[in-house]
Every structure is written in C-alpha cells, then in structure tokens.
Amino acid sequence: MEEINQGNPHGEARATRSRINEHLRAKTHVVQYPSPDAALPITNHARERSAYERYQEHIDAANTNPYAPFASRIDWQVARWAKMRGPGSTAVSELLEIEELVSLLGLSYKNSRELNKIIDEKLASSRPRFIRREIVVAGDVFEMYYRDVLQCIRALYGDPEFADVLVFTPEKHYSDASRTKRVYFDMHTGRWWWGTQAQLDERLPGATVVPVIISSDKTQLTSFGTKTAYPVYLTIGNLPKDIRRKPSRRGQILLAYLPATNLKHVSSKEARRRALANLYHACMRYVLAPLRAAGLSGIKLTSGDGMTRRAHPIFAVHIGDYPEQLLATCCKNGTCPKCSIPRDELGDDVNLARPFRDLDKVLDALDEFDHGVLSFSRACRDAGIKPVVEPFWKDLPFVDIFVSITPDLLHQLYQGVMKHLLSWLKHAYGPEELDARCRRLPPNHQIRLFLKGITSLHRVTGKEHADICRFLLGLVVGLPLPGGFSPARLVRAVRALLDFLYLAHYPAHTSDTLDLLGDALKRFHANKSIFIDLGIRQHFRLPKLHALEHYVQSIKLFGTTDNYDTQYTERLHIDFAKDAYRATNHKDEFPQMTTWLERREKILRHEAYVRWRLERVDEPNRGASRPVWTPVKIAKWPSIKALSFEDAAVRYGATYLRDALTRFIVRYTNPALSHAEAEQQSLDIVLPFRRFQAFHKLKFILEDAQALGIMDNIHDAAHARPERKDAQGRTVPGRFDTLLVNDGTGGRAGIQGYEVAQLRLVFKLPVIANETLFPGVLAPGHLAYIERFTPLTGPDSTHGLYGVARQRDNLTGERLASVVEVHHIRRSCHLFPVVPNGVVPREWKSSTVLEDCDKFLVNSFSDLHMYMTFF
C-alpha cells in the first residue's frame, strides 16, 4: 500500500502553536456590544435589598445572632453535619439521645424530627419548591416533579454569591490589536449571544439576554436493580463556566424529575418509542412553557447586588448524550441531530462548514398535524424527523434546536471515538504486545499504570479512557503491522485523534487553534483507510465520529467545550439523584427525594448567609485563609534527616554527587568562569560536612498555560525515592522520575531552553556549610541531583514526538550528572521507551525501564498543560 506523503505537519503546527501562545499571553482586545442600552438597569426601579438582607430580616431582625434560628455556632454546625455529612435520620436521633449530649452542646433540637421542623419552618430557600403534576400521554398517566423555571432562573440570577461575576452583555475578544483573530472561552464570547442580543434589540432595545442551559440524562439510582431517575438540570450562561461546572459553587439547579418509565406494557417497539418521545416532549413543554412569553417580552430580574434589569430568558443550549440529542431533536437513530447528512455518507469526508438542519422545513412539517396523521407522518419523514406532535422547542422564541445541540466530549470522544480506536488497535496489533508495552511504561504523577494491560478491561469508564489516552500513542509507535503494511498511516491516524481530543479540551480557543482542531480531524480522515486495508473496518458511518465536524461551529457559537460538557452534568447525578435516593426508604421515593433536596438547599443557603454575616462583623478566627501555593512545594521536614554521601550513591544512584556539587558551588559563586576554569577550581573545594537532609518528593502547581485566568491549576509531582519495605514487609521498588529542567533561557511554552533529566536526589545543605561555601552571596535553597539526557531531537514527521537519550561520558560511558537548584525544575515529564525491533523486551519492568532503556520519546499527552506548552 502506498504511503500518503504529508510532509511534516507537526513542524508547522509547532510554529502555529508558538504564535498562538504568544498572542494569548497578551491581554485580549475586547470589543463591547455597540448598543449602550443593552443590559442597562431599569432607571426608575429603586435598588432592592440583597437576598441576604431580606433573609436576615426573616430570621434575625434584631441582628444579634448570625447563626439564627440556631442558638449557637455549635448548634448550627451539628445541624449542618447532620444534613450534609451525617448518617441517616435514625442514626442522628440515636446520637442525640446519648445522655446529656444535647444539654452539654446546647442544642436546640433533640432528634432529627425537631431538626427537620426547624429547617422546614424557620429557614427560607431562595430556590422554589417542587411541584407534583400528572401528565397524560396516549391515555396513560405519568407522575412528574418539577419547579417553576422562571423562579429557578431568578434564584441563580439573584444569588448574592454570584453578584460580582454575572455577565450581562456579549463581547468579542481578539488576540491581536488588528482584531483579526477571535478568542472564544466563556459563553458571552461566542457568536450566539451577540446575534441573539441584536435580534432582541431590534424588537425591544435594552434587553438583557439570559441564556438558559438545559441538560437531561436518565441515570441508574442503584448499582443493582432497575431503579432509575430522569433528572433535568438548569443553569444560565450569565454565570462563568468555572462556576457552572463545579457542583460546590451551586451554579446548577435540579429543574425536574421526568417520568423514568420504560413503557414495558406497550408491546410494539415502534409504538413504545413514539410514546416515550411524546412523553418526554410533553413534560419538557410543560416545564419550559413560561419561557415563551418571558423570552419575547422579558421579565424583571434582580441580581445579587440589588440592580434590576429587563431580562429575556432564552433557551440556548441542550446538553446530553447521543440518545438524548436524538430525543430532543426528534431525529432518527443513526442520523446526525445537527445536520441532514444522509446516513450512508456519515464519516466519508470532512466539511467543517456543513449547514445545520433546515428549521423552517421542520416547523412546516410539524404544522401538518392539523391536516391529518398521514400527512403529518409523511411531512415529518421528508423533513428527517420523527412524528412528535408538539416538540418542547417548537414555540420557544429565538430557538433553533439543531444549533442548540452541543459537543459531548465524554460520550462522543472518550466513550465513542476513542473507544472505537482502542478496539481497532487491538485488532490491528493483537492484545499481547499492546499489553506488554502498557505494563512497561515508567511511572509518572500524571499517568495511571495499567499493570494488567488495557485490552482485557470491561465496562471501561470515561475516566479510564482518558487515562489510557495519556499514553496511547506510546503503545503503537515503532510497532510493526502484520501483512507488511507500513504503520505510518495508523500512527498518524492515532496522533490526529489525540490532537483533536486535546485541542477540544482547550479552555480558550482562537481562530488559529480552531484551524488546528479542524486540521487534526482532516488528518485522521486522510489516514483512516489503513483500518479498511487491514480488514478492521468496512466503513466509518459512525454518528459520534461525524459529530466531530460540528465542534468548530459550536465553539464559535457558544464558547469552548467546557461550557457544555456532559462530564460536569453527570457529576450532578451523585448529589441530586443517587445521594437523594439513598436518603429515602426506597418506597415511593420521589416525594422523599425532593424533600431531602429542599432541606439540603436550605442548609447550603444558610451556610452562605452565615459566612456573609461573619464577614460583615469581621468576626475574629472565623476560619483560616486559603494556603498560598508556590510553584514548587517541598515538605517542611526531610524524608531523611542525615543522609551520607555513601548512602546517596548506593540507595539513590547519586554516584557522582560530590563532584557535581563542587562544580555547582563554583559556578554558583562565580558564574562568569569558563567551563575549564570551573572544573579546575572545583578540585579545590572541600565539603565541610558528611551528611545532609534528603527529600523524596517535589510538588508543582502548573500555571494557566494560556495566562487568561480561566484554566484550572494542574497539580504535578516528581519522586526521588529509593527502594523500601512496606508495612507488610514487601519490597516497594525505588522511583526516580524524569523532569523538564530550565537552563535559564526557557520560556513559558516551547522546548527552547529546556532539557530532560532524571531526578535522583533532592537535598538541602547544612546551614553551617552554607556559610562556609557561599560567603558573601545568598545561599541556595533546595538542590537536586539530576542525570542528564541529550538535547531534544525532532519532532518526528509521523508521530510528532521529540526524542532523547541518556547523556554519557565519551570516554567512560558513565551517565552525566549535575546539581541544579530546585526552582529550575519546570515540571515532571513522562517518557516512552524506544523499543528495539518493535518487540518490547520482557525482562523490562515499569519500575526499572528507565534504567534498562537508553532511548526515549517525550510524552506530550501526559496532561493538558504538557500538551499546551511542550511543542
């Protein structure tokens, strides 16, 4: 098979990513929405008191007790523990029945029933109560629990915790002063908000857009059995994405529990599917009905700072997996819920500008219901949708449901395309060699080791697929294919999908990074034919693979993918469904679940209020401040208090520590000396100590790789720990991690100025020795003894990775080592061993492969920070 010649796309991508990194590190250039009336507060409306002030008037008008209605701080903290962390109600009651416990603690309740009464009667909630309603579909009655959607929006919009972070108007961000390179991150930087604001201003100037984000997903309530719930969650795009995606920030509200029935009594599968679709849309239509008038005419919403605006809540985004997307859009299985590409053309090619489905055509088909069932069914078939009588989005203003469907990293990439890719690789190479390589990867803080291999895993979770993707490329590089096929196309295809995966996770995108995203998908399609040639695939008609085409469009419309990733909404199932179910007696559970959730929300609201009260009175000792993390953190106390040079050589492999340390001392005190002069002077250094402190671990807090303040910190670590015995007397192998070391010229991104080294020892010189060795200069802090690798070579034109090898003395062949200051270490790095002849030696082990192998490839996929900065 003739190889596809693609030159070296990795060298071009490196230059592009370097330019992007420079642009993003400069402050973005912001273009505000041009209308001065957009989102202005209502001028003739007096400023309202904040929600906390109104709440205080309700429970403590005298302003004497910040914990009211609880008698004291202990009274409140026990109540909070009982409802947030404690066991069941019976266990709490039994605890409080312990003799004199209530009186000694000064509690205002004697059992769970009295505590519940205080919560129910004296604590107010900013979030609405659940309402039970029966929905009739096809003659069957179904039970639904829901909340008033407008009150839910008011609760989020008016929460004082969010007063300083709410966004009211759209913006255009650019990475350059000439405003040619757009930047997308939060939802207000996307094109949808700007366009919707313009449409509203044409009708009613002065509007404030409130993008409503809905997610729905049926979930199992028990590990065994068939108990399920169908929660629907709501949030608003005015909240920054870092608040929306963290359950602890309470930026999401449980909007409803839809009927979770499977309609097993309906014998016909087609009739059952049709009834389930109509039931879903009937429920959602009822719950979201208030958005129709509110979206057009607007409602008065007061934010946490007391300012009132005319807000228009508009359904913007639907978050769900593929079945939920089909259900919401009324599309048929095996088709795309966003565009009308024929089913037999899925996966054939790439068209990043493929138009969405024709909404007008779909709405015309839905209007045919008045002309009879036959005409309605025919019109829906021609429009490519199922014959659902009244989809919930049909009458919602400014809504195009096919635009509102957003990318789903969890199910489309991790549980979709990457799952398929693992299966294809297993068929291509066989499980034996893949697992053998997997078991011989060196350890690293960012890498989960699968010491039993990956090909025999069952029920693999999205988190496990993400862990596998961190080292997947290293499993196939250099591995020959059967039948004489060149592995180049396969390696390029794997690299392309991994590039797409990591680029899709970027917390901020520019026009250039979106080009890279599209290019990665094109590179996969250019090389995917290898799987057909190997007989693994006959076609690529995979809806989840096709869905990758729409990522660029969605990011431009709604911001980056972390605005609407199902990984974050699925985490809500634990708090809003599974934990709530465990708190019930498992009989008629939904009334109990809603009551449990309402009480929990009251406790959380009261906790925020108490914090506000204590901050207002500046109560002393109200809590410790958050710790300040430094770039490198080392334990206060050493792992070894007095390590000798001899033990350092034998146990840690620091064979040439004395020589390396004396050279470091000379260069540190006299940096202007030449290499030869430094070598000569180092011979005269006498070390006035025999023992020193040693440390076994370095911790790093990796900075925002894009310097925009929107990327979460990534925790990293490097170990230099010798072999030891565990508590059971078993031998635990030593671990000496590899690092990226800055030679003093390295920047925040790129490989220039960085080298790879293996950490052998972290140590600190005695204070008395510092006074002797460093007279007149500030003595160094913690030091590291490292073994060096050769300068980085590459990147390779096929797999795009950089290569390194052990750096050895030309005469003796011994490894070259040196001592550096710890603050020169940038982070850990993971290496792939270069396998000779394609078959990994079976005598290699994960714990010893760094000693057994001499040549390596640097893994740029160990974490997102590494991918974004190492190029």
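Visitor: What makes helix α18 (residues 462-469) count as mostly covered?

Guide: In this predicted model, seven of the eight residues of α18 are buried. They are Gly 462, Glu 464, His 465, Ala 466, Asp 467, Ile 468 and Cys 469. Each of these falls under the cut-off of 20% relative accessible area.

Visitor: Which helices do the buried residues of α18 pack against?

Guide: Their partners are α16 (409-429), α19 (472-476) and α20 (488-504).

Visitor: Why is Cys 469 called buried?

Guide: Its relative accessibility is 3%, and buried means under 20%, so Cys 469 qualifies.

Visitor: How do you know whether Cys 469 is in a disulfide or not?

Guide: Look at the closest cysteine sulfur, which belongs to Cys 438: it lies 12 Å from the sulfur of Cys 469. A disulfide needs the two sulfur atoms within 2.5 Å, so this pair is too far apart for a bond. By that rule the count comes to zero disulfides. Cys 438 is in no disulfide either, with the sulfur of Cys 469 as its nearest at 12 Å.

Visitor: And is Cys 438 buried or exposed?

Guide: Cys 438 is buried: its relative accessible area is 1%, set against a limit of 20%.

Visitor: Why are helices α13 and α14 called roughly antiparallel?

Guide: Helix α13 (residues 359-367) and helix α14 (residues 373-383) pack at an angle of about 165°. Angles over 145 degrees count as roughly antiparallel, and α13 and α14 therefore earn that description. Their axes are 8 Å apart, and the crossing is left-handed.

Visitor: Which residues of α13 and α14 meet there?

Guide: From α13 come Lys 361, Val 362, Ala 365 and Leu 366; from α14 come Phe 376, Ala 379, Cys 380, Asp 382 and Ala 383.

Visitor: Let's turn to a sheet. What makes β24 and β27 edge strands?

Guide: The open sheet has three strands in the order β24-β28-β27, with antiparallel pairing. β24 (802-805) and β27 (830-833) each pair on one side only, and that makes them the edges. From one strand to the next, the twist averages 40°.

Visitor: How do you know that β24 and β28 are paired?

Guide: Pairing takes at least two bridges between the strands, and β24 and strand β28 (residues 855-859) have four, in the antiparallel sense. One bridge to look for joins Val 804 to Phe 856 in β28. As a general matter, strands of a sheet pair through backbone hydrogen bonds, either parallel or antiparallel.

Technical notes. Residues numbered from 1 in each chain as written. Predicted model: local features only at pLDDT ≥ 70, side-chain atom pairs only at ≥ 80, totals over all residues. Heavy atoms only, no water. Buried < 20%, exposed > 50% of the residue type's maximum accessible area, 1.4 Å probe, protein only. Helix = DSSP H or I, 4+ residues; strand = E, 2+ residues; numbered from the N terminus. Contact = heavy atoms within 4.5 Å. Axes fitted to C-alpha atoms, helices over the stretch in contact; angles between N-to-C directions. Parallel < 35°, antiparallel > 145°, perpendicular 65-115°, else oblique. Left-handed = near helix turned anticlockwise from the far one by under 90°.
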